[in-house]
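Visitor: I am new here and would like to understand the words people use for a structure. Could you show me one and explain the terms as we go?

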Amino acid sequence: MASMASLLLPFIFSAALTSANPFTEKAALIRYWNRKIPNNLPHPDFLVSKLTPLSASAAAAFYKLASTDPTLLSSRLSSFCSAAGLLCPADLNTSLSHSPQPDFKAYQNSNFTNYVTDVNGGVSSFKNYSDDLNVPVDTFRRYNPHSVFNADKFISYARDGNVVTANFTSYGGSSSVGGSEEFTAYDESSNVPDLKFTNYASDGNGHDGIFSGYSVNANAGDQSFSSYAKHGNGEVSEFTSYANDTNVIGNTFAHYGEEGNGGNSTFASYGENGNVPENNFRAYGELTNGGIDKFTSYRDQSNVGDNFFTSYEKTGNDGTADFTNYGKSFNPGSDNFKGYAEGSFNDQITFKEYFADNTTFKSYANTSSVDFKGYHNSSSLSSTAAAEQRKKAAAEQRWVEPGKFFRERSLRQGTVMPMPDISDRAAPRSFLPRSISGKIPFSAAAVDGIFRILPDTAMGKAVESTVADCERAPSRGETKRCATSAEDMIDFAVAVLGDDIQVRSTASTKGSKGDILIGDVRGVNGGKITESVSCHQSLFPYLVYYCHSVPRVRVYVADILAVDSKEKINEGVAICHLDTSDWSPTHGAFVALGPGPGKIEVCHWIFEGDMTWTVADRT
């Protein structure tokens with residue numbers, strides 16, 4: 001008869017491998033991993049860290065709810081999200097209004113209505129609204145309307161947020177008399193923002209407004225700003241830095257200084273240094289009477305993108321307007337400018353430095369009071385040179401970050417090459433156990449309902465996009481699956497590659513966004529052509545991976561060194577696709593490398609959060 005010790009050995013061995021506590025869902029998952037992939041290879045930390053933190057008892061309780069009716073999870077959403085390590089939107093709770101004190105600091109995740117209304121004289125200060133949060137949903141309405149000679153300051157709204165939905169309505173103005181307003185840092189450095197700002201310093205009388213830093217350094221989202229200093233009388237308005245240094249952002253700005261009287265308006269730096277922006281600016285200084293308007297630097301040094309600018313100083317009277325530097329871009333995009341000083345009367349208008357190969361500049365005032373300097377486009381070039389410029393602009397219309405794609409020959413010791421930004425800017429989140437995720441219907445409506453996600457928010461749009469990607473039919477020869485649990489991912493990898501497999505990812509993000517030196521390079525399985533399963537994470541409340549088979553690849557592990565010191569700073573995993581014949585001719589790889597599908601191999605790094613499975617390396 002076997003001894004008690006020998007009967008316990010398998011259990012003791014498994015517990016030692018997995019966790020100090022074998023009675024967790026994470027420990028159970030690793031035991032499942034060992035059964036499905038019985039090759040005793042180490043479990044890499046980058047994947048283990050994503051496994052559910054739920055205890056067995058908590059998982060059982062949430063499983064019971066989900067099995068009965070998955071919508072019941074919503075009744076315990078806060079505890080569910082916290083215990084399971086999920087990415088859930090904060091509750092937009094009760095409205096807070098009429099602050100009892102003029103100096104307010106650190107407010108988060110709520111509907112804020114009527115801050116400091118009808119104040120006469122004094123100073124009002126509001127600092128740190130929903131800074132540094134994951135999935136904030138913020139609404140702020142009416143900051144100090146109807147004030148008289150009051151100095152208002154608002155500093156830092158939704159800064160450093162992740163998957164941000166922000167709606168700010170009515171700041172100052174609204175029949176305010178005298179005084180000043182200052183707003184600094186609206187949604188700076190946010191990731192996937194969905195922003196709306198309406199009515200800043202409108203209908204004021206002799207009320208000065210300064211707005212600095214709207215969505216600077218933001219990544220991948222949409223934003224709109226409507227009505228700045230509209231209907232103002234004798235106001236001094238300054239707006240500095242709108243959507244500068246952003247990446248793939250859609251911008252809409254409407255009604256700046258419209259129907260103002262005797263004001264002094266300055267707008268400096270709109271969309272400067274943006275990457276692939278979508279800019280739409282409507283109605284600057286329209287129907288103004290007297291006053292001075294200045295607009296400086298529209299999409300200066302930006303990279304490709306699409307631009308629409310409609311109505312600058314239309315139907316003005318006895319004013320002075322100065323527009324300097326439109327579209328002096330790093331790489332040209334498409335430009336559409338309509339309505340400069342159209343219908344103006346007795347205005348002194350200057351437009352300096354228009355950089356665009358644009359045939360859509362329409363409705364330009366034909367009056368002696370207009371001074372137009374420096375319209376730069378290809379019309380002054382020879383027909384051959386103009387054709388070459390248009391060809392170059394078309395080729396550059398899709399910009400690809402340096403180092404995102406490269407040739408296999410770059411993976412040689414001693415190569416210096418750029419490394420793209422491989423960081424995952426989304427907030428950390430965990431897998432759900434399959435027992436729970438399998439009970440949640442995989443539809444945008446169901447997920448939004450259970451996790452209380454509003455459809456018209458940044459998170460709602462991300463959920464809808466993820467579901468759509470997963471429902472897309474596979475490409476020719478592709479096998480795909482959206483894994484909503486770690487068990488799903490393991491099962492898919494085993495089904496494609498067999499049970500003697502291992503998973504890899506680049507060790508860290510060190511070296512990103514700069515030049516790196518390639519050190520020792522090792523081909524997985526001796527650099528043989530193989531098949532892999534690549535898995536890319538999606539933006540969802542719990543971890544969902546888009547996994548697909550990738551035939552005819554070579555996978556490499558490379559030491560990444562600092563260029564100056566030659567010290568190892570990272571260990572990169574790169575995959576080289578040898579058959580690109582079915583890829584689209586407009587794929588970013590061919591924009592960056594040429595020549596086209598089926599003519600070259602294409603390599604790229606495995607980004608943070610993503611991973612690739614291969615047959616275990618026995619070389």
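**Reading the terms from the values**

Guide: Let us begin with Cys547, which is buried, with a relative accessible area of 1%. Please keep in mind that this is a predicted model.

Visitor: Why is Cys547 called buried?

Guide: Buried means under 20% relative accessible area. Cys547 has 1%, so the word applies.

Visitor: What makes Cys547 and Cys535 a disulfide?

Guide: The cut-off is a pair of cysteine sulfur atoms within 2.5 Å. For Cys535 and Cys547 the S to S distance is 2.2 Å, so the pair qualifies. Cys535 lies in strand β27 and Cys547 in strand β28, so the link ties together parts that are 12 residues apart in sequence. Cys535 also counts as buried, at 0% relative accessibility.

Visitor: Why is the disulfide of Cys535 and Cys547 called right-handed?

Guide: The name follows from the torsion about its S-S bond, which is about 115°.

Visitor: Which hand does the link of Cys470 and Cys482 have, left or right?

Guide: That link is left-handed, with -90° about the S-S bond. Its sulfur atoms are 1.9 Å apart. Cys470 lies in helix α9 and Cys482 in strand β24, so this pair, too, ties together parts that are 12 residues apart in sequence.

Visitor: How do you know that Cys470 counts as buried?

Guide: Its relative accessibility is 16%, and the cut-off is under 20%, so Cys470 is buried. Cys482 counts as buried at 16% as well.

Visitor: How many disulfides does the structure hold?

Guide: There are four. Among them is the one formed by Cys576 and Cys603, with sulfur atoms 2.0 Å apart. Numbered in sequence order, the bonded cysteines pair as 1-2, 3-4, 5-6, 7-8.

Visitor: What makes the link between the side chains of Asp488 and Arg434 a polar contact?

Guide: The N or O atoms must be within 3.5 Å, and here the contact is 2.9 Å. Asp488 lies in helix α10 and is buried, with a relative accessible area of 7%.

Visitor: How do you know that the span of helix α2 agrees with what is expected?

Guide: At 1.5 Å a residue, the 12 residues of helix α2 should span 16 Å. The end C-alpha atoms of α2 are 16 Å apart, so the two values agree. The buried residues of α2 include Leu29, Ile30 and Trp33.

Notes. Residues are numbered from 1 along each chain as its sequence is written. This is a predicted model: local features need pLDDT of at least 70, side-chain atom pairs count only at pLDDT 80 or more; totals for chains, interfaces and linings use all residues. Side-chain values use heavy atoms; hydrogens and water are left out. Helices (H or I, at least four residues) and strands (E, at least two) are DSSP runs, numbered from the N terminus. The expected span of a helix is 1.5 Å times one less than its number of residues. Buried means under 20% relative accessible area, exposed over 50%, partly exposed in between (1.4 Å probe, protein chains only). A polar contact is a pair of N or O atoms within 3.5 Å; within protein, one must be able to donate a hydrogen and the other to accept it, and residues adjacent in sequence count only if both atoms are side-chain atoms.
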